[in-house]
Amino acid sequence: RISCPAHFASMGNCLPSTCCSRSVLGTVDVEGILQRLDEGAAPVITNKVLRSLRWHVRQGETFRTTDARKAGWHFQAALLINPRDVTALCGIADMLSVLGDVYSAIKLLRRTAHIAPFSGLVHFHLGCALLEQNDVIGALSEFQAVTECEGDSRIAAISQSHLDLALRSCGGGLGPEAIARLDVRAWSKEVPVPMSQTRCTICLEEFHEGDNLRVLRCAHVFHATCVDHWLSHSATCPLCMDVQPRYPTAEGM
């Protein structure tokens, strides 16, 4: 069963009336949205109700850039029909960011990512919200997740441009001297590397006896030739996004 007012399921193509919209538009009940999100799986929806759901989502997308309050009303109406509609959840988060409540937007998107971990749309909006809060490292991780989820899609291309912007904002990659200061060791079965890794997660090849491995500050290891190219463009670990030192540390001076 769908727990939503009957008029939400039968509104057709009419805009919400003023008296109806005021109660919903006044505030966004983020906690209520999160509670319904956690209550269970998406409900079974008939074709008629599905058309109404899609209409609300389309209207929300239409008003997103011109009228955040109307967009929010339509996205909330869609969530009353299906509390787990990813597009509507991202729309609500986007509206919250526009209205200045980035904290709630991030909270909502993180919870949405738990139910839709392979949605590039969720990772994209979360990356944008984190970037707005100057969390460059968190944004980098989310934008990279978009490219992994979406392949060569348009949203992946947009995310790549955001990723490049985020990398530039945190100063780009390491210089040759900074990379050379990072530890290098030969891989051996008798002497395990930190984190007990057995393959390079950049090229996905198994480590072989005598391979030169670069050990980052976070203890993750990669083929030196693979990660050195990465580090020349980004000062972060490809796995955990830990920022690598650009200058000599106290131990190295």
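Which residues in α3 meet which residues in α7? I would like to open with that contact, and before answering I should say that what we are looking at is a predicted model.

On the α3 side the residues are V30, E31, I33, L34, L37 and D38, and they meet S104, K107, L108, R111, T112 and I115 in α7. Sorted by class, the residues of this contact of α3 with α7 divide into 6 nonpolar, 2 polar and 4 charged. Helix α3 covers residues 30–38, and its axis and that of α7 come within 11 Å and cross at roughly 5°. Angles under 35 degrees count as roughly parallel, and α3 and α7 are therefore roughly parallel to each other.

Let me step back to the protein as a whole. There are 12 helices and 3 strands in it, and of its 253 residues 45% are buried. If we take the contacts between residues at least 6 apart in sequence, 57% of them join residues at least 24 apart.

Staying with α7, I turn to its other partner in this talk, helix α8. Helix α7 runs over residues 102–115 and helix α8 over residues 120–132, and their axes come within 9 Å while crossing at roughly 150°. Since angles over 145 degrees count as roughly antiparallel, that makes α7 roughly antiparallel to α8. In this pair α7 passes α8 in a left-handed crossing. The residues that meet are V102, I106, L109, R110, T112 and A113 from α7, and V122, H125, L126, A129, L130 and E132 from α8. By class, the contact of α7 with α8 comprises 8 nonpolar, 2 polar and 2 charged residues.

One residue of α8 deserves a moment of its own, namely H125. Is H125 buried or exposed? Its relative accessible area is 11%, and because buried means under 20%, H125 is buried. Leaving aside neighbours within four places in sequence, H125 is in contact with R64, C90, D94 and L109.

The next pair to look at is α5 and α6. Helix α5 spans residues 68–81 and helix α6 residues 86–98, and the two pack at an angle of about 150°, with their axes 9 Å apart. They are therefore roughly antiparallel to each other, and α5 passes α6 in a left-handed crossing. From α5 the contact is made by A68, G72, F75, Q76, A78 and L79, while α6 contributes T87, A88, L89, G91, I92, M95 and V98. In this contact of α5 with α6 there are 9 nonpolar and 4 polar residues, and no charged ones.

A78, which we have just met in α5, also leads us to W55. The two are 23 residues apart in sequence, and their C-alpha atoms are 8.5 Å apart in space. W55 lies in helix α4, which takes in residues 47–63, and at 5% relative accessibility W55 counts as buried.

Now to the cysteines, where I want to be careful about the reasoning. How many disulfides are there? With the cut-off that a pair of cysteine sulfur atoms must lie within 2.5 Å, the count comes to 0 disulfides. C240 is in no disulfide, the nearest cysteine sulfur being that of C218, 3.6 Å away. As for accessibility, C240 counts as partly exposed at 37% relative accessibility, whereas C90, the residue that appeared among the contacts of H125, counts as buried at 1%.

I will finish with two backbone details in the loops. Most residues other than glycine have a negative phi, and with that in mind there are two residues to point out. L204 is not a glycine, yet it has a positive phi of about 70°. L204 sits in the loop between β1, at 183–186, and β2, at 212–215, and at 54% relative accessibility L204 counts as exposed. A219, again not a glycine, has a positive phi of about 85°, and its place is in the loop between β2 and β3, the latter at 221–223.

Definitions and conventions: Residues are numbered from 1 along each chain as its sequence is written. This is a predicted model: local features need pLDDT of at least 70, side-chain atom pairs count only at pLDDT 80 or more; totals for chains, interfaces and linings use all residues. Side-chain values use heavy atoms; hydrogens and water are left out. Buried means under 20% relative accessible area, exposed over 50%, partly exposed in between (1.4 Å probe, protein chains only). Axes are lines fitted to C-alpha atoms, for helices over the stretch in contact, and angles run from 0 to 180 degrees between N-to-C directions. Helices (H or I, at least four residues) and strands (E, at least two) are DSSP runs, numbered from the N terminus. Angles under 35 degrees count as roughly parallel, over 145 as roughly antiparallel, 65 to 115 as roughly perpendicular and the rest as oblique. A crossing is left-handed if the near helix is turned anticlockwise from the far one by less than a right angle, and right-handed if clockwise. Contact means heavy atoms within 4.5 Å. Ala, Val, Leu, Ile, Met, Phe, Trp, Tyr, Cys and Pro count as nonpolar, Asp, Glu, Lys and Arg as charged, and the others, Gly among them, as polar.
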